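Colleague: I have a new structure to learn from. Could you take me through it with short questions and answers?

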Protein chains: 2
Amino acid sequence: MSKPLKFYYDLMSQPARALYMFLKLNQIPHEQCVVNIGRGEHLTDEYEKNINRFKKIPAIIDNDFKLSESIAIYRYLASKHKIADSWYPEDSKKRARVDEYLEWQHLNTRLGCSLYFMTTWLLPVLMGQKVSEEKVEQAKTQMENALDIITNVWLKDKPFIVGNEITVADIVAATEIEQLVVTNYNPYEGRPKLKAWIESVRSKTNPHYDDAHKMIYRVASRNKPKL
Amino acid sequence: MSKPLKFYYDLMSQPARALYMFLKLNQIPHEQCVVNIGRGEHLTDEYEKNINRFKKIPAIIDNDFKLSESIAIYRYLASKHKIADSWYPEDSKKRARVDEYLEWQHLNTRLGCSLYFMTTWLLPVLMGQKVSEEKVEQAKTQMENALDIITNVWLKDKPFIVGNEITVADIVAATEIEQLVVTNYNPYEGRPKLKAWIESVRSKTNPHYDDAHKMIYRVASRNKPKL
């Protein structure tokens, strides 16, 4: 007997939000299993032993097959489920172009945006820790470099990251950039193309986009860092 | 008329060395195009325009199709060429396990080892820049965390990263870790399992492993950081 796919996530995580949207957009049947990372539920021995040996989210269990790393999960799901080809194309060149972004983003969009989020919000505002100005500046430089390359290279001459259609690359990028709403940095200032792009991603994926970001928007509305 | 695959690389780069080995191990016909990153040949307008818009190596051009990001390149090559299934398995679960490492490594093995290499060798020894002790310690912590997880989680109960056979995950991991030979850090001290693993990877892939690392070994023999 086939068991439903189990999806372990917390909407406070960017990769978890992207995967949450992907599962809904592609109507992949799954059981939602919330793991409260704020309370450290991903760090328990039980979670490590039974769900994800790396103690991270998101993770899935598909009929006893445990898998982590959201990008690996997209590929696995695309091989097992019928999803619209445009999300993660079968054609080897088109797929390679999506893969190129998915690999590029780790040390660019993800590293830059999440370091900035950590050094300007998570550590100082949420956890009351002191963060040196040098660290914030370094994170800001990395983040701005990634945002500029997305705007000027990836989005050059096309509305979405790899072409005329939305792909998994766009939701992976958008969830990292949208999270900056919690900080005092406006990624769209001076980058109108980036703004037009994220609005297209949102309109193509709603109501799931707003649903996935509801916690982040709530945090942003009441917990901005002091200027 | 089909043109040969063009491979742009410099053996001073870890991902380039891994891809260099992969192309040879799988006898994929290609034309070697050396790009001297020490001289900034990847930063020219011509390289950006004609080869890789991200100004990085490695990169390929396959019949006018330009692709960067080594992990995306492995997937693309596996879809176009006949390679031994064990390197990057067709089976969706086995492939997902290889993918899980390939995605995990960016912000773990790669980030940790290359930050340590940069802060203890590239910047201070090669470029004569001052690096704060705090930065070195931070890089060391990230690197050691990755090395411990590879040793204790990935290599738990099996000789290679994802099982009993060598896969692309092993060469991607090995090229990052082998590069530490240039630094004063010995990743195998206290990690005999990691030492046994890298020796297996080397013996399974030689003569290509030593060939790919010849420049790194030369640098290591004459240019160690002073203790």
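Modeller: Gladly. Bear in mind that this is a predicted model. We begin with a strand pair in chain A: strand 1 (residues 5–9) and strand 3 (residues 59–62) pair over three bridges, in the antiparallel sense.

Colleague: Which residue is the bridge partner of A:Lys6 in strand 3 of chain A?

Modeller: Strands of a sheet pair through backbone hydrogen bonds, either parallel or antiparallel. Strand 1 and strand 3 of chain A take the antiparallel option. Within this pair, the partner of A:Lys6 is A:Ile61.

Colleague: Which strands of chain A does helix 3 touch as it packs on the sheet, and what angle does its direction make with that of strand 4?

Modeller: Helix 3 of chain A covers residues 70–80. On the sheet it touches strand 1, strand 3 and strand 4 of chain A. Its direction and that of strand 4 of chain A make an angle of about 135°.

Colleague: And helix 1 of chain A: at what angle does it run to strand 1?

Modeller: Helix 1 of chain A spans residues 14–25. It lies across strand 1 and strand 2 of chain A. Its angle to strand 1 of chain A is about 150°.

Colleague: Which strands stand at the edges of the sheet in chain A?

Modeller: The open sheet has four strands in the order 2-1-3-4, with mixed pairing. An edge strand here has a single partner strand, so one side of it is left without a neighbour in the sheet. In chain A these are strand 2 (30–34) and strand 4 (65–68).

Colleague: By how much are neighbouring strands of this sheet turned against each other on average?

Modeller: Take the sheet of chain A again, with its order 2-1-3-4. Ignoring direction, the average turn between neighbouring strands is 20°.

Colleague: Now chain B. Which residue is the bridge partner of B:Phe7 in strand 2?

Modeller: Strand 1 (residues 5–9) and strand 2 of chain B pair in the parallel sense, over five bridges. In strand 2 of chain B, B:Phe7 finds its partner in B:Gln32.

Colleague: Which residue in the turn between strand 3 and strand 4 of chain B has a positive phi?

Modeller: Strand 3 (residues 59–62) and strand 4 (residues 65–68) of chain B are antiparallel, with four bridges. B:Asp62 stands opposite B:Phe65. The two strands form a hairpin with two residues between them. The turn residue with a positive phi, about 50°, is B:Asn63.

Colleague: Is A:Asp45 buried or exposed?

Modeller: A:Asp45 sits in helix 2 (residues 45–50) of chain A. Its relative accessible area is 63%. The cut-off for exposed is over 50%. Therefore A:Asp45 is exposed.

Colleague: How are the two copies related?

Modeller: Two copies of a chain are related by a rotation about an axis and a shift along it. A turn of 180° and a shift of 0.0 Å lay chain A on chain B, with an RMSD of 0.0 Å. The relation is therefore as by a two-fold rotation axis.

Colleague: How many residues of chain A are in contact with chain B?

Modeller: The same surface serves both copies, as 100% of the contact residues of chain A recur in chain B. On the chain B side 32 residues take part, and on the chain A side the number is 32.

Colleague: How many salt bridges does the rule find across the interface?

Modeller: The area buried between the chains is about 3,100 Å², and carbon and sulfur atoms give 58% of that. A:Lys135 and B:Glu134 meet in a salt bridge through their side chains, at 3.3 Å from N to O. Across the interface of chain A and chain B, the rule finds six.

Methods:
Residues are numbered from 1 along each chain as its sequence is written. Chains are lettered from A and ligands numbered from 1 in the order in which they are written. This is a predicted model: local features need pLDDT of at least 70, side-chain atom pairs count only at pLDDT 80 or more; totals for chains, interfaces and linings use all residues. Side-chain values use heavy atoms; hydrogens and water are left out. Buried means under 20% relative accessible area, exposed over 50%, partly exposed in between (1.4 Å probe, protein chains only). Two strands pair if DSSP finds at least two bridges between them. Axes are lines fitted to C-alpha atoms, for helices over the stretch in contact, and angles run from 0 to 180 degrees between N-to-C directions. Contact means heavy atoms within 4.5 Å. Copies are superposed by least squares on the C-alpha atoms of residues with pLDDT of at least 70 in both. Buried area is the accessible area (1.4 Å probe) that two parts lose on being put together, summed over both. A salt bridge is a side-chain nitrogen of Lys or Arg within 4 Å of a carboxyl oxygen of Asp or Glu.
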